Amino acid sequence: MIKSDFRSDTVTKPSKEMLDAMFHASVGDDVYGEDPTVNELQEFAANLFGKEAALFCASGTQTNQIAINIHVKPGGEVICHEDSHVYKYEGGGIAKNSGASVRLLQGNRGRLTASEIEKWIMPDDVHFPVTQLISLEDTANRGGGAVYDFTEIQKISQLAKNKQIPLHLDGARVFNALAVNGVDLKTYAAQFDSISICLSKGLGAPVGSLLLGTKEFIHQARRVRKVMGGGMRQAGFLAAAGLFALKHNVARLDQDHRHAKQLEAAFLKCDWIESSLSVETNILVLILKEESKRDVYIQKLVDAGIKVSSFGPGMIRLVTHLDLSEEHILKTIEQLKQL
Ligand SMILES: *Cc1c(COP(=O)(O)O)cnc(C)c1O
């Protein structure tokens, strides 16, 4: 039986070509700044995004938490979506690492608007926490891979500048967003003060994320990363996978998006599916007719070789990625008809 793992785009394994690049990497001690491959990856990414500098880190949680720690002082406030990864899936890190307060907004499919944010930027009054950061997520995971409208991002960026509040992007899946909105990468990146990107999601690297910003910001980030236990030594073996991913695995992302749409169409034909969060990128969120039967259906899918994840009450999530070929998708659609 052909098995398809749709739980996440993090389940991918390095391809033979990626492994070759890793095996042949030149390495050194990166805490001394002497790993040539880490340095190459950081420079490559900084140039790609038109930012001054970049820092290679262990995970997207680490890059987000480092950024928050630099932007926000204890008692300060972060404005973000109530379902955002920085708040919901980082173990309470905003409170634990930075002692900061959060203002959680509802938004639409994980996305915020400038007018909604503006209402919650606190005036200078001793009663209120000081708003010190706005954080956006693009694509928005809990929004089912929803992509921001770029003009909204520009409005938010302008608002942040006017109010002198830094703007952070959790761009774990930013290349999926860019494949859809078609915006020039540097123009897009210029809207943000700091950007976190994941190499280990749809890009297929085994480990690693990058934080991007000004030279001064990345200088500070290097210190915070060390404090958080994230200073790695011969990390070039991992950075080589990240470089390979950035060079070879970005252009193919619309294939994953196409696959997610094919799956959506097939699932919507099943009588146990109520609806979906309309697919925009590589994430398909399904809403079941009977909320209480979620785990029964997840098990039926697993038994048919289709691994999916639960995504809250009555919801299932599937994510397409580079280890799922056309064959996996067609086979899954075939299996669905017999479920
Ligand atoms: C996966 C993810 C991250 C980072 O997760 P790590 O597992 O720590 O690398 C951050 N934000 C979003 C939206 C994500 O999906």
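This tour goes from the ligand and its surroundings to one helix of the protein.

The model is predicted, so that local features need pLDDT of at least 70 and side-chain atom pairs count only at pLDDT 80 or more, while totals for chains, interfaces and linings use all residues. Residues are numbered from 1 along each chain as its sequence is written, and side-chain values use heavy atoms, with hydrogens and water left out.

Select the ligand, then the residues around it (a heavy atom within 4 Å): Ser59, Gly60, Thr61, Asn64, His85, Glu137, Asp170, Ala172, Arg173, Cys198 and Lys201. Helix 3 (residues 60-71; helices are DSSP runs of H or I, at least four residues) gives the largest share of this shell, 3 residues.

Next, show the polar contacts (pairs of N or O atoms within 3.5 Å). An oxygen atom of the ligand lies 2.8 Å from a polar backbone atom of Gly60, a ligand oxygen is 2.6 Å from a side-chain N or O atom of Thr61, and a polar side-chain atom of Lys201 is 2.8 Å from an oxygen of the ligand. Of the 380 Å² of accessible area that the ligand has on its own (Shrake-Rupley method, 1.4 Å probe), the protein covers 83%.

Now move to helix 12 (residues 253-268), where the end C-alpha atoms are 23 Å apart, in agreement with the 22 Å that its 16 residues should span at 1.5 Å a residue (1.5 Å times one less than the number of residues). Among its buried residues (under 20% relative accessible area, 1.4 Å probe, protein chains only) are Leu253, His257, Ala260, Leu263 and Phe267. To see what covers the buried residues of helix 12, select elements including helix 8 (174-181), helix 13 (294-303) and helix 14 (326-337).

Key. A polar contact is a pair of N or O atoms within 3.5 Å; within protein, one must be able to donate a hydrogen and the other to accept it, and residues adjacent in sequence count only if both atoms are side-chain atoms. Helices (H or I, at least four residues) and strands (E, at least two) are DSSP runs, numbered from the N terminus. Buried means under 20% relative accessible area, exposed over 50%, partly exposed in between (1.4 Å probe, protein chains only). Contact means heavy atoms within 4.5 Å.
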